[in-house]
Amino acid sequence: SALLSCLRQANTTIRWLLLQATTQDTKLQAVFKSSPVPREQLLQALVDTALLEDRVRGILEPLVARRETAWAEQRALAAQNMDDLALYFSGEHPLRRNVRNE
């Protein structure tokens, strides 16, 4: 999912920011030292992002797990409806269920 991908990317970026602060490159060190974001806030953002990713994954897993079953049920229902319409338009049988004309 795009949402999970975005959360993983955010998690990766925050980890990169935490790890690159220990670099030997003087220009990069200057950027991190001038940054107004304290290390504690980065750690909290990392934890929050990981928790949100876990929560979203927990919500999406059941949906994905039953997607195939729901698709098969809906496909069978559509096939049955097409058969009903074919019988109706053949002129031999009335429509099996009542359909409101909207």
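**Salt bridges and a nonpolar surface patch**

Two salt bridges are found when the whole structure is searched. The model is a predicted one. Side chains of opposite charge can pair when their charged atoms come close.

One salt bridge joins the side chains of Glu53 and Arg8, with a distance of 3.6 Å from N to O. Arg8 belongs to helix α1 (residues 2-20) and Glu53 to helix α3, so this pair ties together parts that are 45 residues apart in sequence. Glu53 also forms a salt bridge with Arg57. Here the closest N and O atoms are 3.0 Å apart. Both Glu53 and Arg57 lie in helix α3, four residues apart, which means that about one helical turn separates them. Through shared partners, the salt bridges join Arg8, Glu53 and Arg57 into one network.

How buried or exposed are the members of this network? Glu53 has a relative accessible area of 10%. Glu53 is therefore buried, because the cut-off for buried is under 20%. Arg8 has a relative accessibility of 40% and counts as partly exposed. Arg57, at 28%, also counts as partly exposed.

Helix α3 spans residues 39-90 and includes Phe89. The relative accessible area of Phe89 is 65%. Phe89 is therefore exposed, since the cut-off for exposed is over 50%. On the surface, Phe89 forms a nonpolar patch with Met82, Leu85 and Tyr88. Together, these four residues have about 460 Å² of accessible area.

Technical notes. Residues numbered from 1 in each chain as written. Predicted model: local features only at pLDDT ≥ 70, side-chain atom pairs only at ≥ 80, totals over all residues. Heavy atoms only, no water. Patch = residues over 30% accessible without salt bridge, like charges linked within 9 Å, V, L, I, M, F, W, Y side chains within 5 Å. Areas by Shrake-Rupley, 256 points an atom, 1.4 Å probe, with all protein chains shown as cover. Helix = DSSP H or I, 4+ residues; strand = E, 2+ residues; numbered from the N terminus. Buried < 20%, exposed > 50% of the residue type's maximum accessible area, 1.4 Å probe, protein only.
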